[in-house]
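This report describes the architecture of one protein chain for a reader at the bench. Selected residues are treated first, followed by the sheets, the core and the cysteines.

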Amino acid sequence: KFLGLNLLGSSEISIDARGNSDAEAEFINCTWAGHIGHSAVLVYSEADDLPDGDFDDIIALPPPSQPSMTLTFLDCTFSDNVVSYASVLNLGGTVDMQRGVFFGNFAE
């Protein structure tokens, strides 16, 4: 559980959630702002032992062979992020967004 984090101005991905379906994380009253890169948050299971690190094209990753982890966002804000795909990029997991605020984001 993460409470009140301000994740500001990262390049690439600030939260790289690579767990399987048994894993979960909860973010409460957190802010993601000013990110540049693929996404501010990535949800993707690496059950097939893919290498860690930066990927030139995240969308080219193979579909996960099993469901990815669950992320819950409660009262979180995503603002002024300039990303390649989405502020929260979910590839095979579960994202529960409650009372989320999104503004000023741009996806190329």
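Is G104 buried or exposed? With a relative accessible area of 53%, G104 is exposed. The model under discussion is a predicted one.

**Two loop residues**

G104 belongs to the loop that connects β13 (101-103) with β14 (106-107). Leaving out residues up to four places away in sequence, G104 touches D80 and N81. G104 and A33 are 71 residues apart in sequence, yet their C-alpha atoms are 9.4 Å apart in space.

S87 is also a loop residue, placed between β10 (82-83) and β11 (88-91). S87 has a relative accessible area of 9%, which is under 20%, and therefore counts as buried. Its contacts, residues up to four places away in sequence being left aside, are S39, A40, V41, F78, N81, F102 and N105. With N105, the side chain of S87 forms a polar contact of 3.5 Å.

The accessibilities of four residues discussed in this report are collected below.

| Residue | Relative accessible area | Class |
|---|---|---|
| G104 | 53% | exposed |
| S87 | 9% | buried |
| C30 | 1% | buried |
| C76 | 0% | buried |

**Overall composition**

The protein contains 14 strands and zero helices. Its elements, read from the N terminus, are therefore β throughout. The chain has 108 residues, of which 40% count as buried. The exposed area of the protein is about 5700 Å², and carbon and sulfur atoms supply 51% of that area. Taking contacts between residues at least 6 apart in sequence, 79% join residues at least 24 apart.

**Sheets and strand pairing**

One open sheet has three strands in the order β6-β10-β14, and the pairing is parallel. At its edges stand β6 (36-37) and β14; each has a single partner strand, so one side of each lacks a neighbour in the sheet. The parallel strands β10 and β14 are joined by two bridges, and V82 stands opposite F106 in β14.

Another open sheet has four strands, ordered β1-β4-β8-β12, again with parallel pairing. Here the edge positions are taken by β1 (2-3) and β12 (94-98), each with a single partner strand, so that one side of each is left without a neighbour in the sheet. Two bridges link β1 in parallel to β4 (residues 24-28); L3 stands opposite I28 in β4.

Strand β7 (residues 41-44) pairs with β3 and with β11. Three bridges join β7 to β3 (residues 15-17) in parallel, with I15 opposite V41 in β7. Four bridges join β7 to β11, also in parallel, and Y44 stands opposite L91 in β11.

Which residues of β7 point one way, and which the other way? V41 and V43 point one way, whereas L42 and Y44 point the other way. This fits a general pattern: in a regular strand, side chains alternate between the two faces of the sheet. All of these β7 residues are buried.

**Nonpolar cores**

The largest nonpolar core has 16 residues. Those with the most contacts inside this core are F27, W32, V41, L71, F73, C76 and F78. Strands β3, β4, β7 and β8 (70-74) each supply at least two residues of this core. Apart from it lies another core of six residues, including L42, Y44, I58 and L89. V41 is thus named in the largest core, while L42 and Y44, which point the other way from β7, are among the residues of the other core.

**The cysteines C30 and C76**

How many disulfides does the structure hold? The structure holds zero disulfides. The cysteine sulfur closest to that of C30 is in C76, at 4.7 Å; a disulfide needs the sulfur atoms within 2.5 Å, so the distance is too far for a bond. C76 likewise is in no disulfide, its nearest cysteine sulfur being that of C30.

C30 is buried, with a relative accessible area of 1%, and C76 is buried at 0%. Beyond its neighbours within four places in sequence, C76 is in contact with F27, I28, N29, C30, W32, R99, G100 and V101. Among these contacts, F27 and W32 are also named, with C76, as residues that have the most contacts inside the largest core.

Conventions. Residues numbered from 1 in each chain as written. Predicted model: local features only at pLDDT ≥ 70, side-chain atom pairs only at ≥ 80, totals over all residues. Heavy atoms only, no water. Buried < 20%, exposed > 50% of the residue type's maximum accessible area, 1.4 Å probe, protein only. Contact = heavy atoms within 4.5 Å. Polar contact = N/O pair within 3.5 Å; in protein donor to acceptor, adjacent residues only side chain to side chain. Pairing = 2+ DSSP bridges. Areas by Shrake-Rupley, 256 points an atom, 1.4 Å probe, with all protein chains shown as cover. Core = buried A, V, L, I, M, F, W, Y, C linked by side-chain atoms within 4.5 Å.
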